[in-house]
Each structure stands twice: as structure tokens, then as C-alpha cells.
Amino acid sequence: MCRLILAVVFVFFAGNSMAAGPLKHEAQDWSWNGIFGTYDRAQLQRGLQVYKEVCSGCHALKYVAFRNLVDLGYSKQGIRAFAKTFDVKNAEPNEEGETFTRPGRVTDYFPSPFPNEQAARASNNGAYPPNLSLMVEARPHGADYLYALLTGYKDPPKGMKISEGMNYNSAYPGHQIAMSAPLDEGAVEYTDGTKATVRQMATDVTAFLAWTAEPNLEERKSMGLKVMLFLFAFLVILIAMKRRTWADVH
Ligand code: HEC
């Protein structure tokens, strides 16, 4: 029994210290933080633009379907037109038995730009650009980490040797990453006129990827609030009942 408790305590703390990781990232002021926090639709739309114009060249978003973009405030026609700008591999081969790609449909998921992992690695110096749809959930303090990663390309400290094909990044574990800095000042021209600084694009695309990782966050929070309100009202009723029940005893 004692051993079991020790084992549980060990796993808990070991897991925790691993989750905290060796690198601390500055906490950003995200719009969805706190119990009343919600996503900022304009920011998510800008983030989608950065994903589409920059990240989708290498990364898939395989758990997000185009139709999910209604949550960001787009119309059905807008989404249909947007889906068409992606090449999607058809699930079934054609009559000659050949696989083929076609323009995306609203029910498709954001595709990987590469036909398979080998092709993805071959174009990226042997490294694999991971699917980004759950990345914010998959890393500790995911949103702060992603922002730190995207803004963390700097000159390496003196004396540090960077291997060929790798880049120095202050936020990446080990500080050497195969992805070269994806964002340059003005890499996109925002349709809403916002100035596209590296920090702005990093913030917006991180917000978008936080939404892809947890699209139901707002519903979950409002449900949580309703449950808390209900429990509070229930407590008040219970106290009143207790007082009435015991009133005559004294
Ligand atoms: C030219 C291709 C390319 C582009 C464009 C690109 N990436 Fe990457 N990305 C990669 C590769 C390759 C890796 C794997 C790096 C490694 O294993 O060292 C990677 C890894 C990542 C990771 C994982 C880091 C980790 O902790 O494992 C994240 C997050 C990421 N990219 C985000 C983005 C975002 C956001 C964009 C768009 C702003 C973007 N990438 C654009 C190639 C790219």
C-alpha cells in the first residue's frame, strides 16, 4: 500500500516537472484566459489568414473541417470558395483506378500539402512538419509556447554550434529546430488592415490554433458558469430548509 502511494506521488510529481519543462515562456494576455474569456473572432480570422498563407505550405490541420469555419463568423459561400483553394486527395480512386486530387469541399478537412510523410521529410531536411490542429493542447502552456517559438528566432549565443539545416530558437527544447523562421515582417497583408508585424502574426496564428485545439471552449465555460450558479442557488435553498426544519427545536 505504502509503495503504491509512493509510486502515485512519484508519477504525479515526475509528470508535473516534465510538463513544466526546462524552459519557461512569458505568459501572454490571451483573450480567452479567465472564466469569462472568449475568443476574439477578428483575431481568429487574421490567424486563419496567417495559417493559410504561411503555415499551410508545410503543416496540415487534419482535425479541422472547412465547415467548422462557420464558428469564426464566415458565411457558407465564403467557406465554399475558401475550401476550393485547397487541393484535396479524393478518398476513392477514379474509374481507371488512379488516385487524384480535386478542389476542396466544405466537408473536407484541411489537408497536408504533402502526399505522405516521406515526401514531407524529403522537402524539410529530414524533419517532419507536424499536424497543428492539437498542437496548443499537446505542449505545456501551449499558447505561450507557440508564441515564444514563433518569435524566438534569434542569433545563437556566442560559441554555440548550429548543425547544418537547423536554426537557433530560444523557445524550442534544445534550441535547434529544423523549421526556419516562418514569419517575416509583412509576410501577409491583413484584409482588415492590421499591421502585420511578426509579433502580431504570431499572436493571431496562435489564437487561431488555440481555437482549432479547443473549439468548444466558450460552450464549456458557459456551461461551467451555469452549473456554478445552479449549485449556489441550491445551497441557498438547502440553508433555508435547514433553518426551517430546526426552527422549532430551539
Ligand atoms: C517550410 C516549411 C514550414 C513552414 C512554412 C512552417 N513550418 Fe512549422 N515546422 C516545420 C518543420 C520541418 C517542423 C519540425 C521541426 C523539427 O522537428 O525540428 C516544424 C515544427 C513546427 C512546430 C512544432 C514545434 C514543437 O514543439 O515540436 C510548430 C508549433 C510549428 N512548426 C508551427 C508553425 C506555424 C504556426 C507556422 C506558420 C506561421 C509554421 N510552423 C510554418 C516546417 C514548417
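A polar contact here is a pair of N or O atoms within 3.5 Å; within protein, one of them must be able to donate a hydrogen and the other to accept it. Keep that cut-off in mind as you click through this predicted model.

**Stop 1: N169 and its partner**

Select N169, which you will find in the loop between β5 (167-168) and β6. N169 is buried, with a relative accessible area of 0%. Now show the backbone of L149: its oxygen lies 2.8 Å from a polar atom of the N169 side chain. That distance is within 3.5 Å, the limit for a polar contact. Next, display the surroundings of N169. Leaving aside residues up to four places away in sequence, N169 touches A148, L149, G152, Y153, H175 and I177.

**Stop 2: I177**

From that list, move on to I177, which belongs to strand β6 (residues 176-177). Is I177 buried or exposed? I177 has 9% relative accessibility and therefore counts as buried, since buried means under 20% relative accessible area. Beyond residues up to four places away in sequence, the contacts of I177 are L149, Y153, M166, N167, N169 and Y172. Before leaving, draw a C-alpha to C-alpha distance from I177 to A127: the two are 9.0 Å apart in space and 50 residues apart in sequence.

**Stop 3: helix α6**

L149 has already appeared beside N169 and I177, so colour the helix that holds L149, namely α6 (residues 142-150). How many of the nine residues of α6 are buried? Nine of the nine are, so α6 is largely enclosed by the rest of the structure. To see them, select G142, A143, D144, Y145, L146, Y147, A148, L149 and L150. Then show what lies against them: the buried residues of α6 pack against α5 (135-138), β6 and α7.

**Stop 4: the ligand**

Helix α6 leads straight to the next stop, as it gives the most to the shell around the ligand, with four residues. Show the ligand and the pocket surface together; the ligand sits in the largest pocket. In total, 22 residues surround the ligand, and the closest are C55, C58, H59, Y145 and M179.

Three distances are worth drawing here:

- From the side chain of H59, an N or O atom is 2.8 Å from a nitrogen atom of the ligand.
- From Y145, a polar side-chain atom lies 2.5 Å from an oxygen atom of the ligand.
- From A178, a backbone N or O atom lies 2.8 Å from an oxygen atom of the ligand.

Y145 is also one of the buried residues of α6.

**Stop 5: R46 and its network**

Now turn to the charged side chains. Side chains of opposite charge can pair when their charged atoms come close. The structure holds six salt bridges, and this tour visits some of them.

Select R46, in helix α2. Which residue pairs with R46 at 2.8 Å? The partner is D204, with that distance taken between the closest N and O atoms of the salt bridge. This pair links distant parts of the chain, with R46 in helix α2 and D204 in helix α7 (residues 198-213), 158 residues apart. R46 counts as buried at 12% relative accessibility, and D204 is buried too, with a relative accessible area of 0%. Expand the selection to the contacts of R46: apart from residues up to four places away in sequence, R46 touches Y190, D192, T194, Q200 and D204.

**Stop 6: R41 and E218**

Stay on helix α2 and select R41. The side chain of R41 meets that of E218 in a salt bridge, 3.0 Å from N to O. Because R41 lies in helix α2 (residues 41-53) and E218 in helix α8 (residues 217-247), the pair ties together parts that are 177 residues apart in sequence. R41 is partly exposed, with a relative accessible area of 31%, and E218 is partly exposed at 21%.

**Stop 7: a bridge within one helix**

Finish at E117 and R121, whose salt bridge brings the closest N and O atoms to 2.8 Å apart. Where do the two residues lie? Both are in helix α4 (residues 117-123), four residues apart, about one turn of the helix. An α-helix has 3.6 residues a turn, so residues three or four places apart point the same way. E117 counts as partly exposed at 37% relative accessibility, and R121 is partly exposed with a relative accessible area of 33%. To end the tour, bring R46 back into view with D192 and D204: salt bridges that share partners join these residues into one network.

Notes:
Residues are numbered from 1 along each chain as its sequence is written. This is a predicted model: local features need pLDDT of at least 70, side-chain atom pairs count only at pLDDT 80 or more; totals for chains, interfaces and linings use all residues. Side-chain values use heavy atoms; hydrogens and water are left out. A salt bridge is a side-chain nitrogen of Lys or Arg within 4 Å of a carboxyl oxygen of Asp or Glu. Buried means under 20% relative accessible area, exposed over 50%, partly exposed in between (1.4 Å probe, protein chains only). Contact means heavy atoms within 4.5 Å. A residue is near a molecule or strand if one of its heavy atoms lies within 4 Å of it. On a 1 Å grid over the protein atoms alone, a cavity is a set of points where a 1.4 Å probe fits but cannot get out, and a pocket is an open set with protein on both sides within 12 Å along at least five of seven lines; lining residues have an atom within 4 Å of a point. A molecule sits in a cavity or pocket if more than half of its atoms lie within 2 Å of its grid points.
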